[in-house]
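This briefing covers one protein chain, from its overall layout down to single residues. Keep the sequence and the 3D view open while reading.

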Amino acid sequence: MTNSRKLAILGDILKHEIEHIQKLLSAIEKWYHGGTEELIDKQAQLEKRKGARENDWDDFNYELYMTNKVRRIMYASVAVALFAVTEDCLFRLCVNAGLMKVEIEKENDGSEKRKINNCNGKKIKRPGWGCYRKLIENKTKIQFDRISCLEDIKRVRLLNNCFKHSNGSMDEDFVKSFGGTLGDDIHYELERWQELIKNCETFMLKLAEQIGNQISANSV
């Protein structure tokens, strides 16, 4: 199979995975809409009821609080899933461009362990976004800063990091890049998710295209 064909397949895989992210976003929106309608009905019933107890209102307020809290967490999961998709795509691009090599080693207990080396045979201990970007920029003429939508990739990456490592609050990297106050909660539910999802896809497809063009040029 040619490298151009491999990259085309990777593009199709990316589009398929992005569709799953879109479905996740839609499911969250439907869940919240349904939950909100139930709470509106419950509030109306309490307001009509004569002698509604304080405990009833406490229960209602707690349910409202938990609904909004769960909503925030569910939207944060979109950041985690979206960044995982983009990072996995970047890994596959590096492998198919010959910048990394993956080997499966058998352990003594019969289990399998994945071994990743760069194109110079040096072991990569902690593969991730920064590692993949450095490989591509050092070994090709491609510069991430010159590809549109990188800023949205960065935002998704930091939204992911803040949720996983600082309980969804703004860390130093997030504040430095996008403003805000250190330690404040991030309102994941207010992010422009449709645009972020689309722009992450656009960036990765443009990157794949540039890698493909370089591979074709080098093979001539």
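A residue is called buried when its relative accessible area is under 20%, exposed when that area is over 50%, and partly exposed in between. Gly-34 has a relative accessible area of 26%, so Gly-34 is partly exposed. The model described here is predicted. The chain has six helices and two strands, and 35% of its 220 residues count as buried.

**Overall layout**

- Starting at the N terminus, the order of elements is α-α-β-β-α-α-α-α.
- The chain is more spread out than a compact globule, because its radius of gyration is 23 Å, well over the 17 Å that the globule rule gives for 220 residues.
- Along the principal axes, the C-alpha atoms fill a box of roughly 80 × 45 × 35 Å.
- Take the contacts between residues at least 6 apart in sequence: 63% of them join residues at least 24 apart.

**Surface and charge**

- About 13,500 Å² of the chain is exposed, and carbon and sulfur atoms supply 48% of this area.
- The chain carries 36 positive and 34 negative charges, and the mean positions of the two sets are 8 Å apart.

**The largest nonpolar core**

- Which residues touch the most other members of the largest nonpolar core? They are Leu-93, Met-204 and Leu-207, in a core of 49 residues.
- Helices H1 (3-48), H2 (54-96), H3 (129-139), H4 (150-165) and H6 (193-219) each give two or more residues to this core.
- H2 supplies the largest share of the core, with 12 residues.
- Leaving aside residues up to four places away in sequence, Leu-207 touches Leu-90, Leu-93, Ile-136, Ile-142, Phe-144 and Ile-147.

**Phe-203 in helix H6**

- Phe-203 is part of helix H6.
- Is Phe-203 buried or exposed? Its relative accessible area is 0%, which is under the 20% cut-off, so Phe-203 is buried.
- Beyond residues up to four places away in sequence, Phe-203 touches Trp-129, Phe-144, Ile-147, Ser-148, Cys-149, Leu-150 and Ile-153.
- Phe-144 and Ile-147 are among the residues touched by Phe-203, and Leu-207 touches them too.
- Phe-203 and Lys-113 are 90 residues apart along the chain, and their C-alpha atoms are separated by 31 Å.

**Arg-92 in helix H2**

- Arg-92 sits in helix H2.
- With a relative accessible area of 26%, Arg-92 falls between the two cut-offs and is therefore partly exposed.
- Arg-92 touches Leu-10, Ile-13 and Glu-17, when residues up to four places away in sequence are not counted.
- From C-alpha to C-alpha, Arg-92 and Ile-153 are 17 Å apart in space, with their positions 61 residues apart in sequence.

**Two residues with positive phi**

- Most residues other than glycine have a negative phi.
- Cys-149 is a residue other than glycine with a positive phi, near 80°.
- Cys-149 belongs to the loop between H3 and H4, and its relative accessibility of 21% makes it partly exposed.
- Cys-149 is also one of the residues that Phe-203 touches.
- Asn-167, again not a glycine, has a positive phi near 60°.
- Where is Asn-167 found? Asn-167 is in the loop between H4 and helix H5 (172-178).
- The relative accessibility of Asn-167 is 67%, over the 50% cut-off, so Asn-167 counts as exposed.

**Two glycines**

- Gly-34 is located in helix H1.
- Gly-34 and Ala-97 are 63 residues apart in sequence, and the distance between their C-alpha atoms is 46 Å.
- Gly-110 is in the loop between strand E1 (100-106) and strand E2 (112-118).
- Gly-110 has a relative accessible area of 44%, which lies between the cut-offs, so Gly-110 is partly exposed.
- Gly-110 and Thr-67 are 43 residues apart in sequence and 46 Å apart in space, C-alpha to C-alpha.

Note on methods
Residues numbered from 1 in each chain as written. Predicted model: local features only at pLDDT ≥ 70, side-chain atom pairs only at ≥ 80, totals over all residues. Heavy atoms only, no water. Helix = DSSP H or I, 4+ residues; strand = E, 2+ residues; numbered from the N terminus. Rg over C-alpha atoms; globule rule 2.2 N^0.38 Å. Buried < 20%, exposed > 50% of the residue type's maximum accessible area, 1.4 Å probe, protein only. Contact = heavy atoms within 4.5 Å. Areas by Shrake-Rupley, 256 points an atom, 1.4 Å probe, with all protein chains shown as cover. Lys, Arg positive; Asp, Glu negative; His and termini not counted. Charge placed at Lys NZ, Arg CZ, Asp CG, Glu CD. Core = buried A, V, L, I, M, F, W, Y, C linked by side-chain atoms within 4.5 Å.
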